[in-house]
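Hello,

Here is the structure I promised to pass on. Please open it first, then read the notes below it.

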Amino acid sequence: MIRKFMIATALVAMAAGSAMADPIEGNWRTQSGSTAQIASCGGSYCITLKSGKHSGKQIGKMSASGGGKYAGQITDPDSDKTYKGKATLTGSSLKLGGCVLGGIICRNQTWKRM
């Protein structure tokens, strides 16, 4: 009886651990004041604007690279240009950057968790 209880407890703990969201997931306030949602999508994390003039537009896709760091692509919603992107999560702040020309020209923003 105790053995069955221990096995059931271990299975529940494993299922709960796999269901936990990645720390980057959630709603973020962009520097311009819009709301961006980061959610799991196909093994990566999609960034979609939820408010502002570009509401509903997906502007990025990132994959976890460990230690609160993410890499992928970021799209400027005004110009529709896509850049090599990176993000670093520190507490309730998310620093995002996008670069072109091999990292010569870069733009960075810091978003705050909502």
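L101 sits in the loop that runs between β7 and β8 (105-113). The model is a predicted one, and everything that follows should be read in that light. L101 is exposed, because its relative accessible area is 59% and the cut-off for exposed is over 50%. Together with I104 and I105, L101 makes a nonpolar surface patch of about 350 Å².

Now the chain as a whole. The protein chain has one helix and eight strands. Read along the sequence, the pattern is α-β-β-β-β-β-β-β-β, so the helix comes before the strands. The chain has 114 residues, of which 29% count as buried. Its accessible surface comes to about 7,400 Å², and carbon and sulfur atoms account for 58% of that. As for contacts between residues at least 6 apart in sequence, 24% of them join residues at least 24 apart.

Next, the inside. In soluble globular proteins, nonpolar side chains tend to be buried together. Here the largest nonpolar core has 16 residues. Those with the most contacts inside this core are I38, I47, M62, Y70, L94, L96 and W111. Six elements are worth finding on the model, as they give two or more residues each to the core: β2 (35-41), β3 (44-49), β4 (58-66), β5 (69-75), β6 (82-90) and β7 (93-100). Which of them gives the largest share? The answer is β3, with three residues.

W111 is a good residue to click on. Leaving aside residues up to four places away in sequence, W111 touches W28, R29, T30, Q31, A36, I47, I59, S92, S93, L94 and L96. Three of these partners, I47, L94 and L96, are also listed with W111 among the residues with the most contacts inside the core.

Then the disulfides. How many does a search of the whole structure find? There are two. One joins C41 to C46, with a distance of 1.8 Å from S to S. The other joins C99 to C106, where S to S is 2.1 Å. Both links are right-handed: the angle about the S-S bond is 80° for C41 and C46 and 110° for C99 and C106. If the bonded cysteines are numbered in sequence order, the pairing is 1-2, 3-4.

Are C41 and C46 buried or exposed? C41 is buried because its relative accessible area is 19%, and the cut-off for buried is under 20%. C46 is buried as well, with a relative accessible area of 12%. C106, from the other link, has 36% relative accessibility and therefore counts as partly exposed.

One last place to look is G33, in the loop between β1 (26-29) and β2. G33 is partly exposed, because its relative accessible area is 37%, which lies between the two cut-offs of 20% and 50%. Along the chain G33 and G52 are 19 residues apart, and their C-alpha atoms are separated by 8.0 Å.

When you go through the model yourself, I suggest this order: the patch made by L101, I104 and I105, then W111 and the residues it touches, then the disulfide of C41 and C46 and that of C99 and C106.

Regards

Key. Residues are numbered from 1 along each chain as its sequence is written. This is a predicted model: local features need pLDDT of at least 70, side-chain atom pairs count only at pLDDT 80 or more; totals for chains, interfaces and linings use all residues. Side-chain values use heavy atoms; hydrogens and water are left out. A nonpolar core is a set of buried Ala, Val, Leu, Ile, Met, Phe, Trp, Tyr and Cys residues joined through side-chain atoms within 4.5 Å. Buried means under 20% relative accessible area, exposed over 50%, partly exposed in between (1.4 Å probe, protein chains only). Helices (H or I, at least four residues) and strands (E, at least two) are DSSP runs, numbered from the N terminus. Contact means heavy atoms within 4.5 Å. Patches are made of residues with over 30% relative accessible area and no salt bridge: like charges are joined within 9 Å, nonpolar side chains (Val, Leu, Ile, Met, Phe, Trp, Tyr) within 5 Å. Accessible areas come from the Shrake-Rupley method with a 1.4 Å probe; for residues, only the protein chains shown count as cover. A salt bridge is a side-chain nitrogen of Lys or Arg within 4 Å of a carboxyl oxygen of Asp or Glu. A disulfide is a pair of cysteine sulfur atoms within 2.5 Å.
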